[in-house]
Amino acid sequence: MTTSREEKHEFKAEVSALLRLVTNSLYTNREIFLRELVSNASDALDKARFQGLTDTKLRDRHEKPQIKVTADHGRGVLTIEDTGVGMTRDEIALNLGTIAHSGTLKFMEQARAQQESGQKPDVNLIGQFGVGFYSAFMVADRIDVTSLSAAEGAEPVHWSSTGDGTFSVGPGERTTRGTTIELHLKAEAKEFLDRWKIEGIIKRYSNYVVHPILLKVVDDKGNTEVDGKQVNDATAFWMRPARELTDADYNEFYKHVMGGFVLPGDEPLGHLHLHADAPIQFVALLYIPGKPPADLFQEDRKALQLYARRVVVMESCDKLLPGYLRFVRGLVDSEDLPLNVSREMLQEHSRSPRSAASSPARCSSCSRASPRTSPRPTRRSGTTTAPSSRRASTPTARTTTTSSSCCATAPPRTTRPSRWRSTSRRCPRASRPSTTSPASRWPRWPAARTSRPAARGYQVLYMADPIDEWVVQDLSEYKGKKLISVTQGDLDIPEDDQHKHDAGAIAAAVDKSKELLTDKVKDVRVSKRLRESAACLVDDSGGLSRNMERILKMARQDVPTRQRILELNPEHPFVQAVDKLAREAPGDDRLGTYVELLYDQAALAEGQVPDPAGLLKRFNSVLSGTIKI
Ligand SMILES: Nc1ncnc2c1ncn2[C@@H]1O[C@H](COP(=O)(O)OP(=O)(O)OP(=O)(O)O)[C@@H](O)[C@H]1O
């Protein structure tokens, strides 16, 4: 139907309902309207390019593809204009009068169901689904669309609506093909004329749209502030062939992924750049972070970004990878996803990237890409998930140990931590159980390295990261080898003749420490695990360790802090001196300082100094007493 008259139409019933919802109930995340309109413009440009390949009569066949966003402060109008395929009169009435996509309908159904059950519609839904063109009514009280179709003989057409249930279609004014959408902004949405706001939104959602997005800003006196500034990058790094990209290029893009800033030394350990065509088409660019992300254990952590044809549809999508790869950062971009992707659709579509990216072999090859860097605790965190994930991730989890060999039958040749190795290479046939040194914020290497188990030929795995405590709790055994914590419980290691000691040998030091440290520790006892250190703090077997407490707190769980056990090394000269003093002069004032110092150094070895000023005072009082001139 072609006519030069202005005609009034009623929106289809579901559009009217959607518009009511959009204008009355959804207030947050209004900015996505710009993402939707820019994406529509980009789609129209793609269609024009595609049709131009075969149709020599297509209007303005050689027109430059571009999207122009103009903020006119004087008129209070935001305009989005493209040189795309445009719409005929019939198309405009159909496309902007009905709901095109099932995703939008699903959104409607959910929102309506929420309303009917007396709830307010979930405002996050709109960000999740997107509601296409109609989302512009969140910010505009009138929308004018002028379009000229690229089809031969088409006339320019004008569409207008105030979102009140009707729209009008009539002749428009436009000489080149494409579409101009004018949003007459509501009084409370004038912020969307702000230059920085517009740039921010475009960069956030549409940075990698392949067509240039140009910005023009006209102030309220009619002066042009900015004209034709390109806001987006217009090339999607991940769409370039991997063979053209260097590690430096990947590291540079990693900065974008991590929010623009990466400290020296925190560069990624490796990356995976996957291209797949079936069953769904997608490109994934995944990074193994050089440092465990700070939000690793948080429910609302940042996961992979999800793109549909270079446009962000979800800033953080935890469905794309299994939980044990929660440390992986990067993005997945699919040609086959609609902008208004629903949860169910995601479930369906995410299977492919999930399985392609999450096999242990992939994970291993990814960090083998940088062999000199230490594979991180992030990988070990996988051992703490569901049994199937544990099976997949445990062999690839990496640790260092006291022994450079995989087998701990002989005393270690070195007490320095060995190379990072996977669990499967570390423990294939060791005859003695491995002991682990779960640690707190920083490694307990000194304690583990000089520990009695290491000296007795047990292979001590250095578990020096906060996650390790958790790992060890779930991974009590690997290939028949039991893992026993060096720092938890009463370590039952048989004494050798050389190191056999009399448990009562430092009874006075133990009793004095119990007496003076009642408010700090739960018990004091003789250590079977220490060899060179004077003291250490250990946890009750089965109890919640300090480290675990910290992890749970990081995950915003409510956990009470529990007291720990102080262990004293009966062979250490300082402990022996304290014991002698406690026996011979139990009332000596210095005993308080010495006992506190024993506690201080145990806490210090774990990277915790509860009272640094007090520690320095005690330290200096002992040092000054030792200098004799
Ligand atoms: N700038 C444009 N140029 C040409 N056609 C357009 C433009 N904007 C919208 N359209 C047409 O209007 C239709 C409806 O747009 P709408 O944004 O509501 O849905 P959609 O883009 O199809 O899906 P989505 O919900 O993912 O945005 C589009 O499918 C397209 O055919």
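Which residue of strand 11 does H271 stand opposite? That pair comes up in the second view.

A note for all views: this is a predicted model, where local features need pLDDT of at least 70, side-chain atom pairs count only at pLDDT 80 or more, and totals for chains, interfaces and linings use all residues. Numbering starts from 1 along each chain as its sequence is written.

**View 1. An open sheet of five strands, with mixed pairing.** Reading across, the strand order is 10-11-14-12-13. At the edges sit strand 10 (270–276) and strand 13 (311–317), each pairing on one side only. Neighbours are turned by 15° against each other on average, direction ignored. Strands (E, at least two residues) and helices (H or I, at least four) are DSSP runs numbered from the N terminus, and two strands pair if DSSP finds at least two bridges between them.

**View 2. Strand 10 next to strand 11 (residues 282–288).** The two run antiparallel over seven bridges. Here's the pair from the top: H271 is opposite Y287.

**View 3. Helix 7 (residues 247–257) on the sheet.** Helix 7 touches strand 10, strand 11 and strand 14 (329–334); contact takes C-beta atoms, placed from the backbone, within 7 Å. The directions of helix 7 and strand 14 make about 90°, using lines fitted to C-alpha atoms (for helices, over the stretch in contact) and N-to-C angles from 0 to 180 degrees.

**View 4. Helix 2 (residues 32–54) against helix 6 (residues 195–206).** They pack at about 65°, axes 9 Å apart. Helix 2 brings L34, R35 and V38 to the contact, while helix 6 brings I201, I202, Y205 and S206.

Conventions. Contact = placed C-beta atoms within 7 Å.
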